[in-house]
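Good morning, and thank you for coming. Please take a moment to look at the sequence and the model before I begin.

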Amino acid sequence: MAEGPGAGPRLAELLETGRRLWEELESGTEPSSGAPAVQEKVRQGLEALRQAEAMVAQLDLFSENEELEEISSADLKFLPLPALLGALTLKQVDLSKRLEHLESARTHFWRFLKLCSSYGVGSFQLPPASPPGEEDMGSPAPGGPAAAQPSLVAMASSRQAKIERYKQKKELENRLASMRSFVEGGQADEDQIREFYTLQIRKWINTSLEEIESIDQEMVILRSRGTAKQPSAPPHGTSRQARTPLKPFILTRDAAQAKVFGAGYPGLPTMTVDDWYEQRRRQGVVSAQSAPHRAPGITDEELQKQQQEKKEEEDDEEALQKARNWDDWKDTHPRGYGNRQNMG
């Protein structure tokens with residue numbers, strides 16, 4: 001169907017704006033795709049193409065019930081509009097909406113391929129309308145190794161198809177580059193114009209097939225990451241209780257020092273070492289084995305005395321051992337052993 005009166009120039013202008021911005025983004029020299037200038041071009045291009053898409057739908061330019069020959073040469077250039085929308089949608093860099101952008105771009109690419117398939121443009125297999133679901137992730141192939149053989153054949157076939165698409169894409173780009181100046185300069189005839197736009201459609205078919213395959217793979221990865229990041233409930237009864245903050249106090253060796261320091265610093269409580277260990281043990285900070293042991297009824301003074309006596313005994317034992325070692329040495333070494341300088 002031809003463009004309506006007065007709508008053609010405006011629609012063509014919107015399409016040209018979107019296509020020009022996309023080409024600038026593809027061949028741009030910006031260091032980052034997330035740069036404000038780059039994302040502003042993406043926004044402007046999407047806005048222009050969305051308006052053009054709404055106008056194409058309103059004018060009913062394309063229908064699945066007609067043949068490619070029924071489309072006028074002037075209208076053919078609008079057929080790749082959904083694919084161009086998908087390509088620009090992928091240029092958005094908001095990571096929080098990445099899955100949403102992938103789904104939107106895939107829908108645009110698939111609608112374009114569906115339209116081309118109905119018109120009989122190109123020879124390709126239409127991908128599924130929906131991307132692989134979460135239930136397909138990580139599920140092993142039924143039947144074991146024997147069932148994996150067809151998958152290997154499919155992989156080889158897919159690889160061969162990619163090679164063919166790449167060759168076709170380079171050939172189409174070369175032919176389009178040689179014809180662009182004639183068509184855009186108004187020097188091409190009707191047949192050349194129609195061939196030029198048909199070649200553009202074929203190029204976007206290859207691009208759409210590649211992008212849908214890449215989108216499906218990325219969506220599987222993003223969904224698996226989202227599943228892995230879901231917080232799991234901690235096991236019952238294993239949550240750690242919050243520790244009570246320790247208030248300032250004066251640590252003393254025994255009760256006598258506690259009374260002295262307590263009288264001198266009434267603003268701070270006093271606590272003996274044993275009291276401190278006991279408090280920390282009740283809070284679960286130290287184990288019972290870490291606390292000093294004492295017999296029931298033993299006062300701080302008596303405990304300190306016992307510790308001092310134990311230390312003296314250990315010192316005495318060490319001195320006794322040294323004396324024994326000296327006696328043993330004298331038994332095996334006569335007086336004057338080793339003196340070779342003073343003979344008298």
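I shall speak about confidence, then one helix, and then one serine.

This is a predicted model, in which local features need pLDDT of at least 70 and side-chain atom pairs count only at pLDDT 80 or more, while totals for chains, interfaces and linings use all residues. Residues are numbered from 1 along each chain as its sequence is written, and side-chain values use heavy atoms, with hydrogens and water left out.

The pLDDT is the predictor's confidence in each residue, from 0 to 100. The protein chain has an average of 77, and 66% of the residues score at least 70. Among its elements, helix α4 (residues 81-89) has the highest mean, 97, and helix α8 (residues 255-264) the lowest, 58; helices here are DSSP runs of H or I with at least four residues, numbered from the N terminus. For residues 235-241 the pLDDT falls below 50, and this stretch has zero contacts beyond near neighbours in sequence, a contact being heavy atoms within 4.5 Å. Where pLDDT is low, the predicted coordinates should not be read in detail.

Helix α5, residues 98-119, reaches 32 Å from its first C-alpha to its last. That is close to the expected 32 Å, which is 1.5 Å times one less than its number of residues. Just after α5, glycine 120 adopts a positive phi of about 75°.

Is serine 73, in helix α3, buried or exposed? Serine 73 counts as buried because its relative accessibility is 5%, and buried means under 20% relative accessible area (1.4 Å probe, protein chains only). Leaving aside residues up to four places away in sequence, serine 73 touches Glu190, Ile193, Arg194 and Tyr197.

Technical notes: Buried < 20%, exposed > 50% of the residue type's maximum accessible area, 1.4 Å probe, protein only. Helix = DSSP H or I, 4+ residues; strand = E, 2+ residues; numbered from the N terminus.
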